[in-house]
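Let's look together at how a protein meets DNA. Keep the view open while you read.

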There are 2 protein chains.
Amino acid sequence: MQKAPIERDTRQKRAIRDVFEQTGPPLSIDDVLATAKAKIAGLGIATVYRAVRALTDEGFLQAVDLPGRLTLYERADKGHHHHFLCTTCEAVYELDGCTTEVKGALPRGFHATGHDVTIYGTCAACGRTKRSAPKREGRGRV
Amino acid sequence: MQKAPIERDTRQKRAIRDVFEQTGPPLSIDDVLATAKAKIAGLGIATVYRAVRALTDEGFLQAVDLPGRLTLYERADKGHHHHFLCTTCEAVYELDGCTTEVKGALPRGFHATGHDVTIYGTCAACGRTKRSAPKREGRGRV
DNA sequence: GTCGTTGCAAAGCGTTTGCAGCCTA
DNA sequence: TAGGCTGCAAACGCTTTGCAACGAC
């Protein structure tokens, strides 16, 4: 049987982990690269992909897959929650707590172990400025 | 102002539309290409992409974006429903009707216009055969 | 010193686009 | 016949991988 290699503690991995420890909303690979580059000049994108994959495998991160967008990543220790996607400004918000109830029975023989919910609509900022959208590639915590 | 060009009725478009008219579960681009090729030998993948995009724009199709999978497409006239993703055999099932209730208030100023729900778990087939999964790249209607 | 990790560049994969010829209206 | 549509191949954007040099232990 294969024995798992011992994982090493490098500057790069530490920096990438730090990015997620200091940030709330879900981040894209590019976000992580940009932020971590502030600490480590020559950081390569492949390293970010590898580190994020490793952190996801070990359960520190989880992927946030929203329709039609790049995969984002966020800490896995935030507890069960869902995301709100503003259809005007494209921002992604986190909705604390699970506001969704899957009611009614599944078909016979089916067993649910989890669910993903994405709610679409207009965020507070876009609701206020009815005219042109803020159009920021932003995200927020709610 | 730009005037929209008049859309032509071609064999290719008809064949691609037919694929969706004769099929229940969501299809990938490759599914559509494979099926439509039975009718039109030299059909190119670019044509499938263009036709599916056009059919989506005109409201005949809608995209089904499930985490970690290719985008699938299904007829838009099926009414509001969600999808069940079997984590064992990877099959996608349609759940008729909306079995989900988004309760609780959104944060102040937020307005919801829609939602997507994906339920994960084990399908009836995989629940039965506890051992190795059927591992079909299949889908079903429930 | 060993061997996991890094950064670069190339490859991979799904999707889009440019273009010359085709075919519908 | 006009001009939208097609199939091909190239381009594209994101992600993964091969590899030699690097550096943690």
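## Starting at strand D

A backbone N or O atom of Gly44(B) lies 3.2 Å from a phosphate oxygen of DNA strand D, which makes a polar contact (a pair of N or O atoms within 3.5 Å). The elements that give two or more residues to the surface near this strand are α3 of chain A together with α1 (11–21) and α3 of chain B; helices here are DSSP runs of H or I with at least four residues, numbered from the N terminus. "Near" is said of a residue with a heavy atom within 4 Å of the strand.

Side chains join in as well. A polar side-chain atom of Thr10(B) is 2.9 Å from a phosphate oxygen of DNA strand D, while one of Arg8(A) is 2.3 Å from a base nitrogen of that strand.

## Turning to strand C

DNA strand C is surrounded by 20 residues, and the closest include Lys13(A) and Tyr49(B). Of its atoms that come within 4 Å of the protein, 69% are sugar and phosphate.

Which helix gives the most to the surface near DNA strand C? That is α3(B), with four residues. At a phosphate oxygen of this strand, a polar backbone atom of Gly44(A) sits 3.3 Å away. A base oxygen is 3.5 Å from a side-chain N or O atom of Arg50(B).

## About the model

The model is predicted, with local features needing pLDDT of at least 70 and side-chain atom pairs pLDDT 80 or more, while totals for chains, interfaces and linings use all residues. Residues are numbered from 1 along each chain as written, chains are lettered from A and ligands numbered from 1 in written order, and side-chain values use heavy atoms, leaving out hydrogens and water.

Note on methods. Polar contact = N/O pair within 3.5 Å; in protein donor to acceptor, adjacent residues only side chain to side chain.
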